[in-house]
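This report introduces a single protein chain to a reader who has not met it before. It proceeds from the overall arrangement to the sheet, the helices and the charged side chains.

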Amino acid sequence: MTKSPRSGPYICGIDAALDVVSGKWKGLILWELDEHGVRRFAELRRGLPGVSEKMLTQHLREMEADGLVDRQVYAEVPPRVEYSLTEHGRALNAALAPLGVWGIERIRRERSDLVEHRDAAALPRP
């Protein structure tokens, strides 16, 4: 594994954590991989409505460099590439769970809408 391009200095632990999950899509990628275990690129893209191919590729590369995501390439024709969470990624996802609970409460409080998702049954309802 290569060394992460992000290495401080940091003011506090939250600063270091946010450095790794910065970007709109990283938290959602963590959620999608935690929910489904292993995903191919196209499956991830379908599971994250609105993400561009370029942004998904960029975030997956950064998350792989940070040790959050494992990228497995299979020597097949056509090549098959699968993504999954590492132990480090699962630990980060568990640490973000209380933030998700806070977010659901905010959705309820603000009466905001949730995006319709193909796995809507897995989402907590407001």
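## Overall arrangement

Read along the sequence, the chain follows the pattern α-α-β-α-α-β-β-α. In total there are 5 helices and 3 strands. The model described here is predicted. Of the 126 residues in the chain, 29% count as buried. When contacts between residues at least 6 apart in sequence are considered, 51% of them join residues at least 24 apart.

## The sheet

The 3 strands form an open sheet, in which the order is β1-β3-β2 and the pairing is antiparallel. Strands β1 (38–40) and β2 stand at the edges; each has a single partner strand, so one side of each is left without a neighbour in the sheet. From one strand to the next, the twist averages 30°.

Strands β1 and β3 run antiparallel and are joined by 3 bridges. In this part of the sheet, V38 stands opposite S84 in β3. Strands β2 and β3, also antiparallel, are joined by 6 bridges. Here Q72 has E82 in β3 as its bridge partner.

A hairpin of 5 residues leads from β2 to β3. The loop between β2 (69–74) and β3 (80–85) contains P78. The peptide bond that leads from V77 to P78 is cis, with omega near -5°.

Residue S84 offers a closer view of the sheet, as it lies in strand β3. Is S84 buried or exposed? Its relative accessible area is 18%, and because buried means under 20%, S84 counts as buried. Apart from its neighbours within four places in sequence, S84 is in contact with L33, G37, V38, L68, V69 and D70. Of these contacts, V38 is also the residue that stands opposite S84, and L33 is one of the buried residues of helix α2.

## Helix α2 and its surroundings

Helix α2 covers residues 26–36, and K26, I29, L30, E32 and L33 within it are buried. Seen down the axis of α2, these buried residues fall within an arc of 165°, so they line one face of the helix. After α2 comes G37, whose phi is positive, near 80°.

How does α2 lie with respect to the sheet? The helix lies across β1, β2 and β3, and runs at about 95° to β3.

Helix α2 also packs against helix α4 (residues 53–65), at an angle of about 75° and with the axes 10 Å apart. That angle makes α2 roughly perpendicular to α4. In this packing, K26, I29 and L30 of α2 meet L56, H59, L60, E62 and M63 of α4. The three α2 residues named here, K26, I29 and L30, are among the buried residues of that helix.

## Salt bridges

A search of the whole structure finds 9 salt bridges. The table below lists some of them, with the distance between the closest nitrogen and oxygen atoms.

| Residue | Partner | N to O distance |
|---|---|---|
| R39 | E32 | 3.3 Å |
| E43 | R39 | 4.0 Å |
| E76 | R80 | 2.9 Å |

Residue R39 forms a salt bridge with E32, and E43 forms one with R39. Through these shared partners, E32, R39 and E43 are joined into one network.

Which members of the network are buried, and which are partly exposed? Residue E32 has 0% relative accessibility and therefore counts as buried. Residue R39, at 11%, also counts as buried. Residue E43, at 25% relative accessibility, counts as partly exposed. E32 belongs to the buried set of helix α2, so a residue of that set takes part in the network as well.

The salt bridge between E76 and R80 involves their side chains. Of this pair, E76 is partly exposed, with a relative accessible area of 36%.

Terms used: Residues are numbered from 1 along each chain as its sequence is written. This is a predicted model: local features need pLDDT of at least 70, side-chain atom pairs count only at pLDDT 80 or more; totals for chains, interfaces and linings use all residues. Side-chain values use heavy atoms; hydrogens and water are left out. Buried means under 20% relative accessible area, exposed over 50%, partly exposed in between (1.4 Å probe, protein chains only). Helices (H or I, at least four residues) and strands (E, at least two) are DSSP runs, numbered from the N terminus. The arc is that of the directions from the helix axis to the C-beta atoms. Two strands pair if DSSP finds at least two bridges between them. Axes are lines fitted to C-alpha atoms, for helices over the stretch in contact, and angles run from 0 to 180 degrees between N-to-C directions. Contact means heavy atoms within 4.5 Å. Angles under 35 degrees count as roughly parallel, over 145 as roughly antiparallel, 65 to 115 as roughly perpendicular and the rest as oblique.
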